[in-house]
Amino acid sequence: MDKHQHQHQHQQPPLAKSGRQKCNEWVFRDVPSDIIIEVDGATFSLHKFPLVSRSGRMRKLVAEHRESDISRIELHSLPGGAASFELAAQFCYGINFEISTSNVAHLCCVSDYLEMTEEYSSNNLSSRADEYLNTIVCKNLEMCVQVLHHCQTLLPLSDNLKIVTRCIDGIASKACVEQIASSFSRLEYSSSGRLHMSKQIKTEGDWWIEDLSILRIDLYERVITAIKCRGVRPESIGASLVNYAEKKLIARNLLSGDQSAVIIIEAIVSLLPVEKNAVPITFLFGMLRSAVALDCSVSCRHDLEMRIGSVLDIATLDDLLIPSFCQAGDTLFDVETVCRILVNFCRRDGGGDSDGDDVDGDDVDGDSGGFECGSRDYSDSSLPSQGALFKVCKLVDSYMAEIAPDANLELDLFVAIAESLPAHARTVHDGLYRAIDVYLKAHQALSEPEKRKLCKLIDFQKLSQEAGAHAAQNERLPLQSIVQVLYNEQLRLKNSLFSSYPEDDEDPKKPPMHHHQSWRINSGGVRSAAMSPRDNYASLRRENRDLKLELARMRMRLNDLEKDHVCMKRNLERSGSRKFMSSFSKKIVRLNVFARSYSRGSVSPSKLSQRI
């Protein structure tokens with residue numbers, strides 16, 4: 001009777017059309033039928049005695065139709081339809097058939113509907129189906145999944161009969177046993193003789209992950225909840241959730257209004273383990289994109305944003321580029337969602353700058369009580385490592401440069417992204433300067449106050465030499481920012497000049513180098529107050545070029561001195577003191593010549609004191 005083993009709801013119409021012919025194969029042909037049963041449009045010409053001897057419901061219905069020789073009874077809402085009734089009728093006639101995972105749930109439900117219990121006949125269909133379910137199905141994980149899959153069309157009766165609960169408990173217990181068994185199989189001895197567990201990405205005990213993908217979301221949710229209660233590894237649960245989402249969502253066209261997809265996404269998000277590494281961050285971003293596209297609940301999106309914020313340091317630029325699904329005129333990418341993710345990252349990381357001193361301090365180590373006692377879920381408040389801040393900062397700068405050309409991107413939102421990270425996160429502002437330059441190039445209609453507001457985000461002292469040189473010639477920057485760049489570049493050159501020739505500090509007769517520098521800076525400041533901004537800019541540029549040339553000449557002379565110093569050492573070893581003194585006097589003369597040549601471009605001590 002293998003043809004009756006797999007009876008699905010969509011297979012009922014063919015059975016309904018040929019119900020009468022199928023009955024002729026196993027009904028007594030030499031005895032005329034005295035009752036006609038109609039189920040979902042299919043008719044069965046049967047006999048009263050076999051039915052009433054096993055079924056309490058049929059006994060009551062036949063008693064109501066005693067006055068007619070041939071009774072016609074219609075059974076409404078029979079679980080499993082005509083296919084299930086045919087199996088029950090065969091059982092009443094004593095026809096042998098095989099109970100399997102594809103029909104045991106239907107048999108349990110139809111036997112309850114027809115009241116085929118021990119009260120009317122011993123060893124009846126209800127007890128036979130229950131025995132198979134308890135002794136065979138519930139001891140095998142794969143069979144439990146198959147039976148649970150067939151229960152989907154039999155709800156809520158299959159749930160009321162505890163078929164669903166027994167299958168779920170069987171799946172959870174067997175999954176836990178499989179995990180324990182696989183853990184023991186991974187135990188091995190190291191070279192030192194110590195017992196440890198080998199690391200595997202996916203263990204053999206997780207084979208059940210693929211099987212659960214056939215379940216409907218409501219039953220799958222109950223299964224995962226039961227598995228969590230049994231203590232199955234979070235990684236296994238996460239792998240099952242990823243597999244289920246791929247099977248159920250990838251084939252769908254995720255458009256707004258697909259409520260079934262919304263239910264699946266919200267259920268999966270609610271089932272995610274609290275451990276950070278239970279699911280890949282790419283999966284979290286994929287779920288967030290789907291949640292935004294389908295306009296899922298705010299709590300669902302907030303949960304995903306918090307989880308992503310807890311592991312943002314391992315995200316990539318492609319992850320952050322979430323498309324915007326709003327109306328026309330909106331930004332190309334969903335910048336507001338990324339802004340909330342960054343806020344969650346900073347909140348998770350200890351709330352900003354209030355504890356920022358601890359990041360670089362000596363107290364943040366493996367023995368810190370805050371790290372050991374803190375929560376291990378995605379909402380913990382442990383401070384970030386400096387490396388995590390650097391990674392996120394670099395990621396945000398790249399993201400800003402990517403979204404900057406968008407003509408619909410408002411200035412306040414762009415500034416909010418830049419200000420979402422604490423000030424100490426950026427040690428170099430090259431990436432931020434590049435993003436702002438791209439924004440200025442794409443938004444040329446910005447007013448001067450808006451440009452100044454944007455450029456205030458840049459700390460020009462943290463620009464590299466290449467970025468500073470580019471900024472000094474960048475006409476898109478406001479004039480105030482260019483002056484600031486040149487001022488910082490001048491400071492940098494003078495500091496390099498001072499460090500390249502520290503001998504001036506050792507000569508008490510010469511004016512100190514830092515006095516000389518301070519005079520030139522102050523004098524430049526006075527001139528900038530009396531001169532127009534354009535003339536001040538040109539003057540600073542000329543002074544900048546002169547300093548660069550002077551620095552290059554000094555480096556060349558310093559190299560010559562170093563070569564002469566090496567020669568002096570060699571002469572000291574080879575010749576006597578007389579030759580050494582004569583050679584040394586020549587070097588002193590050259591050194592004095594170098595000092596005089598440098599002093600030509602300097603200010604005398606008397607003049608310096610007067611001008612200061």
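**Exercise 1. Strand neighbours**

Task: In this predicted model, find which residue Ile-37 stands opposite in E3, then work out which strands stand at the edges of the sheet.

Solution:
- Start with the residue. Opposite Ile-37 you will find Ile-73 in E3.
- Next, look at the strands. E1 (residues 35–39) pairs with E3 in the parallel sense, over five bridges.
- Now lay out the sheet. It is open, has three strands in the order E2-E1-E3, and its pairing is mixed.
- Read off the edges. Strand E2 (42–46) and strand E3 (71–75) each have a single partner strand, so each has one side left without a neighbour in the sheet.
- Finish with the twist. On average, neighbouring strands here are turned by 20 degrees against each other, direction ignored.

**Exercise 2. Helices on the sheet**

Task: Determine which strands helix H5 touches and which strands helix H4 lies across.

Solution:
- Take helix H4 (residues 56–64) to begin with. Helix H4 lies across E1 and E3, and runs at about 135 degrees to E3.
- Then turn to helix H5 (residues 81–92). Helix H5 packs on the sheet and touches E1, E2 and E3. Its direction makes about 15 degrees with that of E2.
- While you are in this region, look at Arg-57. Arg-57 lies over the face of Tyr-113, at 4.1 Å from the ring centre.

**Exercise 3. A pair of rings**

Task: Decide whether the rings of Phe-414 and Tyr-439 are stacked or edge-to-face, and whether each residue is buried or exposed.

Solution:
- A search of the whole structure gives three aromatic pairs.
- For Phe-414 and Tyr-439, the ring centres are 4.5 Å apart and the planes meet at 15 degrees. Planes under 30 degrees apart count as stacked, so this pair is stacked.
- Place the partners: Phe-414 belongs to helix H21 (residues 411–418) and Tyr-439 to helix H22 (residues 430–442). The two are 25 residues apart, and the pair links distant parts of the chain.
- Check burial against the cut-off of under 20% relative accessible area. Phe-414 has 0% and counts as buried; Tyr-439, with 1%, is buried too.

**Exercise 4. Where to read with care**

Task: Find which helix has the lowest mean pLDDT and which the highest among the elements of the protein.

Solution:
- Begin with the whole protein: the mean pLDDT is 76, and 69% of the residues reach 70 or more.
- Among the elements, helix H19 (residues 369–373) has the lowest mean, 33, and helix H6 (residues 104–113) the highest, 96.
- Then scan for weak stretches. Over residues 1–21 the pLDDT stays under 50, and over residues 587–612 it is below 50.
- Draw the lesson: where pLDDT is low, the predicted coordinates should not be read in detail.

Notes: Residues are numbered from 1 along each chain as its sequence is written. This is a predicted model: local features need pLDDT of at least 70, side-chain atom pairs count only at pLDDT 80 or more; totals for chains, interfaces and linings use all residues. Side-chain values use heavy atoms; hydrogens and water are left out. pLDDT is the predictor's confidence in each residue, from 0 to 100. Helices (H or I, at least four residues) and strands (E, at least two) are DSSP runs, numbered from the N terminus. Contact means heavy atoms within 4.5 Å. Rings of Phe, Tyr and Trp (its six-membered ring) pair if their centres lie within 6.5 Å; planes under 30 degrees apart count as stacked, over 60 as edge-to-face and the rest as tilted. Buried means under 20% relative accessible area, exposed over 50%, partly exposed in between (1.4 Å probe, protein chains only). A charge sits over a ring if NZ of Lys or CZ of Arg is within 6 Å of the ring centre and within 35 degrees of the ring normal. Two strands pair if DSSP finds at least two bridges between them. Axes are lines fitted to C-alpha atoms, for helices over the stretch in contact, and angles run from 0 to 180 degrees between N-to-C directions.
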